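Visitor: I'm new to this structure, so could you take me up close to one part of it? I'd love a look at the place where two domains meet.

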Amino acid sequence: MKNKKKSISYAKWGYIFILPFFLCFLIFSLIPLVDTVRYSFYEYYRSGLNEIGPNFVGLANYKSLLESDMLRYAGNTMILWLIGFVPQIVIALLLANWFTDIRLKIYCKQFFKIVIYLPNLIMASAFSMLFFAMFSTNGPINSILESLGWIAEPIDFLGTAFGTRSLVGLMNFLMWFGNTTIMLMAAIMGISPDIFEACEIDGCTPLRRFFSITLPLIRPILAYTLITSIVGGLQMFDVPQILTNGQGNPDRTSMTLIMFLNSHLKSRNYGMAGSLSVYLFVVSAILCFFVYKMTNNETSPKPHKQKAGKQGGKGK
Amino acid sequence: MKKRVGSLLMAMAIGAGMLAGCGASSSTASGASSGAAGGAGGEEGAVINIYSWNDEFRTRLEAIYPEVESTSSDGTVTTLKDGTEIHWIINPNQDGVYQQKLDEALLNQATAAADDKVDIFLSETDYVFKYTDATANVAMPLTDLGIDPDTDLADQYSFTKTTASDQNGVQRGSTWQCCPGLLVYRRDIAMDVFGTDDPVAVGEKVKDWDTLKATAEELKAKGYYTFASYADTFRLYGNSISEPWVAAGETTLRVDPQIMNWIEDSKEWLDAGYFDSTVKGQWNDDWNKSMGSASKVFAFLLPAWGIDFTLNPNWDGDAGAWAVTNPPQEYNWGGSYIHAATGTDNPTAVRDIILSLTADKANLLKISKDYMDFTNTVSGMQEAATDEAFASEFLGGQNAYEYFAPVAENIKIAPLSSYDQGCVELIQNAFSDYFQGNVDFDRAKTNFETAIQERYPDITEIQWP
């Protein structure tokens, strides 16, 4: 008896202490997730104040979604994401590289780091409201441009697909480039200074150093950034929703998948919304798998796991 | 061993505490308030919950309900003299948010604690039908409250009573306002273009659509817009449809020829430059600005509440710059109906409020005087039309009731369906793109069909005239 006690594993306490998380996850994430999948096979919505269903309809919801404009909205979502992501990753890489370069003596580094991160602290919907007001046809941006004499007629920013999409991209870029910069900086600072020193002694140019040393060595973090950004992009909602009043104007060109989901939830159409969520879940799982395989073999499995949890939580 | 059991218990207690955290706080709060309830209000609940979409009803209630003691500074709680509290639950109308919240509350009505039950809710003409439905039975018949529509509400405009009745003709709501619409115009622009700002002379210039079109050309020549946007004229067409959007018991949506006329005319007018092309729809910043003194917009089509609630706050010039005259077509826009929610725990208080706000002629006349609301009393409004005391400072001393009263008597309310709000909102959105030249006509039609079937999954077919 006594001997047995001595060989006790303290790991047990670890499990007990993480139990609350798993309980929360089970109740608030896993059960709703399973419910979402279940309802996706049912006809279940509300007409006026009367509830219709749930009636089992098999794959009918999935079929009618494929026949709807879902793929178009998926395209919109990807375009909106790319418009924001491309400049974001380029600028973030550039800034991260500059901030970590010991030879460039940048003053007030800490200050700049805070400033570029600040837009991320604003609530997306508030940011969107601000842009909506600023870029409206009679708004301040048009007034400024007109008084500078650059344009004769006010520009209808939100009246064209190009204008609306660019604004959404710009907002996403502004909100997220600081966050990415800081993450990439951490990655670059994790590279041993010996390597940079050695390459400089060998006469390596800064450009060469960036492409041959920095980039390959921060690949794991780049992959992580890409994955989280794709998943975030697929879930893009608040910015275009507020900017276009939930309509995805003009001509539904800025309607994202989650906005589509949201318009189903107006009628409490749990069946249709459920099957759309399942599609989204599958797509993001596939995308992540590809990016993960493509970019890397040495990434620790941690980012992947974290991502999957997040997705489950928002899958409803 | 004991120690270990103890710490295990501790860990579990912490875990449980974390889980229970959010649930516990709300239940204790409601427990406390229901405790206070018994003491103050006698047999009825101490909290009257009122669902609405803005503070219009609250201001009316504060002005005339004699029991009101005070309202908290944030406007969420009004205390009555007997200690009863009115809790205002306000959600915006736009995008169906108000109805979502209200539906949720009404569906939980049976299981909600007495003081959390909905007692009164408001509905607009666009969706009053959904809530007066006899099978849904969420709004109490007025007779069950002890109000006899035939005697107590005899002085109301009859179309408001029809609107608030269910399919069997049982009245389930009542309103203090009646919303005949007029044409509200800027006197300075009228002076500039027509050489007169006299309502009778201007009324002649806008008496029907053809005359108005010729007038629009005159205004354009001087650099003015007739109306701000295509959405401004929508109610004149949309509220004079002859068939409901969706007939009872059917799942086919029929677009009325009147709506097609609106689409055709709006496109023509916008292309001709009679509307301000930078204003897209209503209730947005650009629309509000077009009511300011810097704008070039000549007129708005607004009912009485629109003048007080929308135009007045947006006008930044001197009072007296606007005037009203007859619209090109008689129409009704809006109307807030007061309903007693089935299952309310304050039936007497609710009855009092409804009677005091919608059946008491003196109160209604006071609302008319203070808020320029066109109130629901036929005889009162006829008196107001000739009473100089009802002249409005904002309208330069003009008595608007002179124009409202005849319109109100001619209103034929459009046949209603429970899909109206979505139809009205989505058809304007879909065709917005068409007016601005972003999509062609057929594409706009398809976009409307897509949007309406998303909003109402039970609609199977859309028929165009």
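Guide: Sure, let's go to chain B, where 16 residues of domain 1 are in contact with 13 residues of domain 2; two residues count as in contact if their C-beta atoms, placed from the backbone, lie within 7 Å. Keep in mind that this is a predicted model, where local features need pLDDT of at least 70, side-chain atom pairs count only at pLDDT 80 or more, and totals for chains, interfaces and linings use all residues. As for labels, residues are numbered from 1 along each chain as its sequence is written, while chains are lettered from A and ligands numbered from 1 in the order in which they are written.

Now, who is touching whom? In chain B, domain 1 covers 43-178 + 336-370, and domain 2 covers 181-332 + 397-463; such bounds come from an automatic or database domain assignment. Between the C-alpha centres of these two domains of chain B there are 29 Å.

Look at the side of domain 1 of chain B that touches domain 2 of chain B: α4 (128-132) and α7 (158-163) of chain B each supply at least two of its residues. Helices here are DSSP runs (H or I, at least four residues), as are strands (E, at least two), numbered from the N terminus. By type, that side of domain 1 of chain B has six nonpolar, six polar and four charged residues. Nonpolar means Ala, Val, Leu, Ile, Met, Phe, Trp, Tyr, Cys and Pro, charged means Asp, Glu, Lys and Arg, and the others, Gly among them, are polar.

Chain B also meets chain A, in a contact that takes 31 residues from chain A and 31 residues from chain B.
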